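Load the model in your viewer and keep the selection panel at hand. The tour goes from the whole chain to one residue and then to a helix pair.

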Amino acid sequence: MARNEEKAQSMLNRFITMKAEEKKKPKERRPYLASECRDLAEADKWRQQIMREIGRKVTEVQNEGLGEHRLRDLNDEINKLIREKTHWERRIVELGGPNYTKYSAKMTDLEGNIVDVPNPGGRGPGYRYFGAVKKLPGVKELFEKPPELRKRRTRYDIYKRIDASYYGYRDDEDGILEKLEGPAERKMRATAVADWKEMENIKKEARRAVKSGEVAEVGTVSKILFEEEEDVVEEERKIEREREEKERENEFIAHVPLPDEEEIKRKVLEKKKKEMLDKYTSSELLEELIEAKTLLNIRQ
């Protein structure tokens, strides 16, 4: 019995294979420009073809053992197919089909968070990275979040948060402060009233004792005298402070050195001598006198 290889090479089988290939339609190529397509079904078919190619290449780019150059080439091819898919989706919308761009997938980082890497060219959705390409040097830094810089607050930001509560004008609205201050206020008021009544009673007893000629108690009198003495001392201190302030205001401060009495007398004497010499002597006589003093080495 002949083997399968021999059957395939027989004249009859080769003739049948040739006829089957002739009946098949020629393999269609995807149009270079999406605008050349006029049929919505054809445009959808070419989009699906591009999606399958993208899927195969994305699966291939997950392999980290391919090397850096091969991974970068695959990523470039995937981005090229994505741009072509965008053109076909735009053409499908023009032909009256659904808008697939609304449901397009977003790019994520290594942790699965959606990121937006802008396109340096300024066109399209931006350059995307897939699979192991995200771990390559120079690409990994794009997905790292920059450290948050603590912005320094300006004076405007500080004053913008200040309101009546900052100055304590709303402390009484919550009722907490009133509950705490109420008992303390009543206690202080009762103490002050009791001290005032006690002092009034002591004064009445002292007046009554003075009028009747009786001797008042030592403690009572000393307490009154101590309070009156405190008032007098405080008044004297106040007068003393006012007097010191007036003296300080009227005090003259010399900012330049002043001559003393001896120096003033010497200056007046010199001036009188000069006036007498100017009155009874001439300029020629003065010159001769000065010359004689110089020769005799007299300094006075």
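The stops below each name a selection and say what is found there.

This is a predicted model, in which local features need pLDDT of at least 70 and side-chain atom pairs count only at pLDDT 80 or more, while totals for chains, interfaces and linings use all residues. Residues are numbered from 1 along each chain as its sequence is written, and side-chain values use heavy atoms, with hydrogens and water left out.

Start with the whole chain: it has 9 helices and 0 strands, where helices (H or I, at least four residues) and strands (E, at least two) are DSSP runs numbered from the N terminus. Of its 300 residues, 15% are buried (under 20% relative accessible area, 1.4 Å probe, protein chains only).

Next, select Glu-89, which lies in helix α4 (residues 68–94). Glu-89 is buried, with a relative accessible area of 2%. Its side chain makes a polar contact with the side chain of Arg-47 at 3.2 Å (a pair of N or O atoms within 3.5 Å, one able to donate a hydrogen and the other to accept it; residues adjacent in sequence count only if both atoms are side-chain atoms). Beyond neighbours within four places in sequence, Glu-89 is in contact with Arg-47, Tyr-100 and Thr-101 (heavy atoms within 4.5 Å).

Now add helix α3 (residues 40–60), whose axis comes within 9 Å of that of α4 and crosses it at roughly 160 degrees (lines fitted to C-alpha atoms over the stretch in contact, angles from 0 to 180 degrees between N-to-C directions). The two helices are therefore roughly antiparallel (over 145 degrees). Both Arg-47 of α3 and Glu-89 of α4 are among the residues making the contact.

Terms used. Buried means under 20% relative accessible area, exposed over 50%, partly exposed in between (1.4 Å probe, protein chains only). Angles under 35 degrees count as roughly parallel, over 145 as roughly antiparallel, 65 to 115 as roughly perpendicular and the rest as oblique.
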